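The following report walks through the secondary-structure packing of one protein chain. Please read it with the sequence and the model side by side.

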Amino acid sequence: MHQLLIISHDIVTEKLAGPGMRYLEMARVLSSDLDVVLAVPGDTSLQVPGVRFSTYQFEQPAAVYKLIEACDVMLISSFILEKFPLLTKYQKRIVVDLYDPTILENLHLYEHEPIGVQEVLNTQVVQFTNRLLQTGDFFICGNERQRDLWLGMLAANGRLTPSAFAIDPTLRSLIDVVGVGIPERRPTGDPILRGIHPCVEADSRIVLWGGGIWDWLDPLTLIRAWPQVLNTHPTARLVFLGARHPNLLVPPHAMAQRAQDLADEIGEKNRTIIFYDWLSYKQREALLCESDIGVMLHSMHIETRYSIRTRIFDYFWASLPILITAGDVTSEWVEQYRLGEVVTPQDIEGTSQALSRLLEKPKSTWVQAFAPLQKVFSWKKVVEPLRRYCLEGGTSPYRASSQVSGQSSSLKTGLARARYILNREGWRALVSRSWGFIKWKLSQR
């Protein structure tokens with residue numbers, strides 16, 4: 001079997017954020033056709049049939065290079081190339097995962113730093129993203145809207161060449177969509193809140209914020225709307241699954257503290273609003289089963305347009321009616337399939353009314369609406385482009401062309417342009433244009 005090495009930049013333990021969850025489920029599904037090794041930073045106690053786990057440390061690259069030697073295809077993302085720059089020296093096929101548009105996230109993550117610091121950090125992330133785009137043989141991204149973004153950046157990095165187009169006019173063999181999937185089995189688990197937590201009675205209606213409270217999200221509008229929701233639904237309980245990233249190396253996001261401070265200010269923290277640092281992967285599944293509504297709000301900004309919210313797929317999986325802000329692709333799916341309520345950004349009144357409407361209906365009435373999406377987004381179907389590439393794809397014939405030096409690239413471009421003018425307009429035109437170019441260059445000195 002072909003061996004696929006997935007090098008996760010995020011931890012894969014009992015507590016998982018979006019990237020770790022993505023790579024775990026991806027490895028699980030692909031293991032039926034490939035020999036999958038999932039390399040993760042730090043230790044892990046997880047065991048998945050068919051998947052071999054290997055641990056590494058960022059400061060000890062030899063272990064990763066040894067894994068690369070044994071694989072046929074490696075999947076990398078984020079800053080992995082910066083940590084292990086020698087991975088390009090191996091004659092292995094490289095898949096680059098562009099699911100997480102770090103450039104856009106960092107605009108929010110560092111917006112409170114001095115502008116000079118922001119500019120330096122932005123330059124760095126653009127540079128390492130360009131190196132990823134120059135390095136890969138095959139690229140995957142989160143959705144079609146993202147694919148348009150990455151096609152533009154691939155074009156800027158010299159990857160949309162005539163040879164690439166001749167091989168595949170759709171360019172699906174260069175970059176395709178491998179987003180987030182839904183397990184084929186139904187979620188299971190015994191209650192961990194209802195009738196157990198001191199603030200959650202047996203008849204409580206649980207509204208779940210099922211992921212991290214990141215700086216580019218908007219829990220504040222939800223919390224400001226919450227008192228109005230309680231006026232009509234006093235048994236409602238708002239639960240935040242992740243106030244602190246499970247990977248302790250990830251700096252805390254300011255929005256998480258702002259959300260807790262606001263909940264305290266309105267007098268509902270640890271009463272009707274509950275915050276967890278992070279729940280384990282299994283506990284999160286149990287919480288999905290006992291929740292009544294899933295919610296994810298954001299402000300309107302550039303990260304929103306190109307995002308794909310991993311935890312929304314948890315709501316799809318558990319058939320939870322969804323409250324979501326308009327503007328991203330998942331909100332369009334909620335509208336298209338009538339899976340809940342879509343509100344405008346930062347609309348406190350609209351959010352309270354929409355959430356109240358959702359609380360008026362039992363969760364069971366929504367189950368059938370989710371059936372089509374659970375088929376469309378099954379993990380097996382979602383990973384098919386990656387599986388196909390691992391089994392049938394090759395090294396990109398135009399990968400090297402994106403890594404030529406600026407001087408040689410300019411020389412090649414000039415010669416190609418000269419041939420074009422000579423063939424189309426003749427030698428007189430070539431001499432005339434060349435002399436005009438020389439005079440222009442001399443005038444710049």
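## Helices, sheets and their packing

Helix H8 (residues 219-232) and helix H9 (residues 254-265) have axes that come within 9 Å and cross at roughly 10°. H8 and H9 are therefore roughly parallel to each other. This description, like the rest of the report, is of a predicted model. On the H8 side the contact is made by Pro-219, Leu-220, Ile-223 and Arg-224, which meet Met-255, Arg-258, Ala-259, Leu-262 and Ala-263 in H9. Sorted by class, the contact of H8 with H9 has seven nonpolar residues, no polar residues and two charged residues.

A second helix pair is formed by helix H10 (residues 281-290) and helix H12 (residues 310-318), which pack at an angle of about 55° with their axes 9 Å apart. H10 and H12 are therefore oblique to each other, and their crossing is right-handed. In this contact Arg-284, Glu-285 and Leu-288 of H10 meet Arg-311, Asp-314, Tyr-315, Trp-317 and Ala-318 of H12. By class, the contact of H10 with H12 has four nonpolar and four charged residues, and no polar ones.

The two pairs can be set out together.

| Helix pair | Angle | Axes |
|---|---|---|
| H8 and H9 | roughly 10° | within 9 Å |
| H10 and H12 | about 55° | 9 Å apart |

How many residues of H12 are buried? Nine of the nine residues of H12 are buried, so this helix is largely enclosed by the rest of the structure. The buried residues of H12 are Thr-310, Arg-311, Ile-312, Phe-313, Asp-314, Tyr-315, Phe-316, Trp-317 and Ala-318; among them, Arg-311, Asp-314, Tyr-315, Trp-317 and Ala-318 also meet H10. After H12 comes Ser-319, whose phi is positive, near 55°.

Helix H4 (residues 102-109) is mostly covered, with six of its eight residues buried. The buried residues of H4 are Thr-102, Ile-103, Leu-104, Glu-105, Asn-106 and His-108, and what covers them includes helix H5 (115-135), helix H6 (144-156) and helix H11 (302-306).

### The six-stranded sheet

Six strands form an open sheet in the order E10-E9-E8-E11-E12-E13, and their pairing is parallel. The edge strands are strand E10 (273-275) and strand E13 (340-343), each of which pairs on one side only. From one strand to the next, the twist averages 20°.

At one edge, strand E9 (residues 236-242) is joined to E10 by three bridges, and the two strands run parallel; here Val-239 stands opposite Ile-274 in E10. Helix H8 lies across strand E8 (205-212), E9, E10 and strand E11 (293-296), running at about 160° to E9. H8 thus has contacts with these strands as well as with H9.

Further along the sheet, E11 and E12 pair in the parallel sense over three bridges, and the bridge partner of Gly-294 is Ile-322 in E12. E12 and E13 likewise pair in the parallel sense, over four bridges, with Val-342 in E13 as the bridge partner of Ile-324. The side chains of strand E12 (residues 322-325) alternate in direction: Ile-322 and Ile-324 point one way, Leu-323 and Thr-325 point the other way, and all are buried.

### The seven-stranded sheet

An open sheet of seven strands has the order E3-E2-E1-E4-E5-E6-E7, again with parallel pairing. Which strands lie at its edges? The edge strands are strand E3 (51-56) and strand E7 (175-177), and each pairs on one side only. The twist in this sheet averages 25° from one strand to the next.

Within the sheet, strand E4 (residues 73-77) and strand E5 (residues 93-97) pair in the parallel sense over five bridges, and Leu-75 stands opposite Val-95 in E5. Helix H2 (residues 62-70) lies across E1, strand E2 (35-41), E3 and E4, running at about 155° to E1. H6 also packs on the sheet, touching strand E6 (138-141) and E7, and its direction makes about 165° with that of E7.

Gln-3 offers a residue-level view of this region, as its place is in strand E1 (residues 3-7). Is Gln-3 buried or exposed? Gln-3 is buried, because its relative accessible area is 12%, under the 20% cut-off for burial. Leaving aside neighbours within four places in sequence, Gln-3 is in contact with Asp-35, Val-37, Arg-52, Leu-67, Ala-70, Cys-71, Asp-72 and Val-73.

Technical notes:
Residues numbered from 1 in each chain as written. Predicted model: local features only at pLDDT ≥ 70, side-chain atom pairs only at ≥ 80, totals over all residues. Heavy atoms only, no water. Axes fitted to C-alpha atoms, helices over the stretch in contact; angles between N-to-C directions. Parallel < 35°, antiparallel > 145°, perpendicular 65-115°, else oblique. Left-handed = near helix turned anticlockwise from the far one by under 90°. Contact = heavy atoms within 4.5 Å. Nonpolar A, V, L, I, M, F, W, Y, C, P; charged D, E, K, R; others polar. Pairing = 2+ DSSP bridges. Buried < 20%, exposed > 50% of the residue type's maximum accessible area, 1.4 Å probe, protein only.
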